[in-house]
Amino acid sequence: MRIRALIVVAVLLSIAVSTSCIAGSLEEANKLLAAGNFAEAKTAFTALATSQPQNGEAWFGLASALTKLREDPGAIEAYRKAIELKAHVNQANVALARAYARSGNRKDALDAIRSIQPPAPAALAALRQSPEFAEWLNDPEFKSATAPLQPCSGPEFRQFDFWVGDWDVVSANGTPLGKNTITIVHSGCVLQEQWTNAGGGTGSSVNFYDPRSKKWHQFWVDGSATSWVSYDSQGNPATARGGFHDGIMELTSDPATQPLIHATWKLLPDGRVRQAFDQSNDSGKTWTNSFEGFYVRRQQKQ
């Protein structure tokens, strides 16, 4: 029994020492790569990848060394192996796309770009700055392949885009209520509102989709005592959240803030947008309409 226990301990110690040596070898290989000793790094990573074929870090390091040595055919195979082993997948696909482009293989270069896991703004920046794609920047296929890498590029982030534009806002009978400008900022992640009412009062909001909560959020601050929710003083913020369904953006203010506001935006068939606020002073038991405005694009006015 004692002998068996000693054997088990010996095996475990052997595994630990072997693992330590492998880790040390990988560290040394990476040091060679960082120091610019690419030929030596290639040798070190080749030994690691040969002895540990499931070591994705070793394959990625080997691919990087081969790229520096301008050995693209070998680098391509090593990058493909690293991707298969889930090692630095996005970085590997960017490098793979560049290698294919250098080799004149347009189709596989585009396929590698499409394999990058979005959103990936760092990968997108690397592709746009790569000399291999300098002449591709306005190419429709390249634009299509890289579009998903842009942050906030999913369809959920575009649900409120119908509100984007320069607008005159009027009542149902055509009385001017104000002007509003909605722009997309921060790489498509935020809709920014700049409002001026007919009396000269101003306000701004930021609107964004949170993929974690799967809800839209609005944060509003006004520069006048009259805003979309009544306040006793200027500059107070309002927050609201909700979502898009059945063609309507619907946001409700924080229940802790009174009065409670329920806001809706809807794109109408004629291109206008209807915005309405309903207000409750009894925590949502009863509601009264406090605002209704119709947005008309300024360029559409005759």
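# A tour from W216 round the barrel

Start by selecting W216, which lies in strand β5 (residues 215–222); helices (H or I, at least four residues) and strands (E, at least two) are DSSP runs, numbered from the N terminus. The model is predicted, so local features need pLDDT of at least 70 and side-chain atom pairs count only at pLDDT 80 or more, while totals for chains, interfaces and linings use all residues. Residues are numbered from 1 along each chain as its sequence is written, and side-chain values use heavy atoms, with hydrogens and water left out.

Is W216 buried or exposed? W216 has 2% relative accessibility and therefore counts as buried; the cut-offs are under 20% relative accessible area for buried, over 50% for exposed and partly exposed in between, with a 1.4 Å probe and protein chains only. Add G242 to the selection: the C-alpha atoms of W216 and G242 are 5.2 Å apart in space, with the two residues 26 apart in sequence.

**The barrel**

Now show the strands as a cartoon. In the order β1-β2-β3-β4-β5-β6-β7-β8-β9-β10, 10 strands close into a barrel with antiparallel pairing. On average, neighbouring strands of this sheet are turned by 25 degrees against each other, direction ignored; the axes behind such angles are lines fitted to C-alpha atoms, for helices over the stretch in contact, and angles run from 0 to 180 degrees between N-to-C directions. Two strands count as paired if DSSP finds at least two bridges between them. Strands of a sheet pair through backbone hydrogen bonds, either parallel or antiparallel.

**From β7 to β10**

Select β7 (residues 248–253) and β8, which pair in the antiparallel sense over five bridges. L251 has A263 in β8 as its bridge partner. The two strands, β7 and β8, form a hairpin with six residues between them.

Stay on β8 (residues 260–267) and colour by accessibility: six of its eight residues are buried, so the strand is largely enclosed by the rest of the structure.

Move on to β9 (residues 273–280), which is joined to β8 by eight bridges and runs antiparallel to it. To check the register, pick K266, which faces R274 in β9, and then L260, which stands opposite S280 in β9. The hairpin of β8 and β9 has five residues between the strands, and G271 in this turn has a positive phi of about 95 degrees. How much of β9 is buried? Six of the eight residues of β9 are, so β9 is also largely enclosed by the rest of the structure.

Next comes the pairing of β9 with β10, antiparallel over seven bridges. Here D278 stands opposite N289 in β10, and Q279 is opposite T288 in β10.

**Closing the ring**

Select β1 (residues 165–170) together with β10 (residues 288–297): four bridges join these antiparallel strands. D168 faces V296 in β10. With β2, β1 shares six bridges, again antiparallel; on this side G165 stands opposite I182 in β2.

**The disulfide**

Display the cysteine sulfur atoms. A disulfide is taken as a pair of them within 2.5 Å, and by this rule the count comes to one. The link joins C152 to C189, with S to S at 2.0 Å. The pair, 37 residues apart, links distant parts of the chain: C152 sits in the loop between α8 (140–146) and β1, and C189 in the loop between β2 (176–185) and β3 (190–197). The bond of C152 and C189 is right-handed, with 100 degrees about S-S. C152 counts as buried because its relative accessibility is 15%.

**The largest pocket**

Finish in the helices. Select T67, Y79, V94, A95 and R98, which lie nearest the centre of the largest pocket among its 17 lining residues. On a 1 Å grid over the protein atoms alone, a pocket is an open set of points where a 1.4 Å probe fits, with protein on both sides within 12 Å along at least five of seven lines, and lining residues have an atom within 4 Å of a point. The volume of the largest pocket is about 370 Å³, taken as the space filled by probe spheres set on the points, which are joined across faces, edges and corners.

Which helices supply the lining of the largest pocket? At least two residues each come from α3 (56–68), α4 (72–84), α5 (89–102) and α7 (121–129). The most come from α5, with six residues. By class, the lining has eight nonpolar, four polar and five charged residues; Ala, Val, Leu, Ile, Met, Phe, Trp, Tyr, Cys and Pro count as nonpolar, Asp, Glu, Lys and Arg as charged, and the others, Gly among them, as polar.
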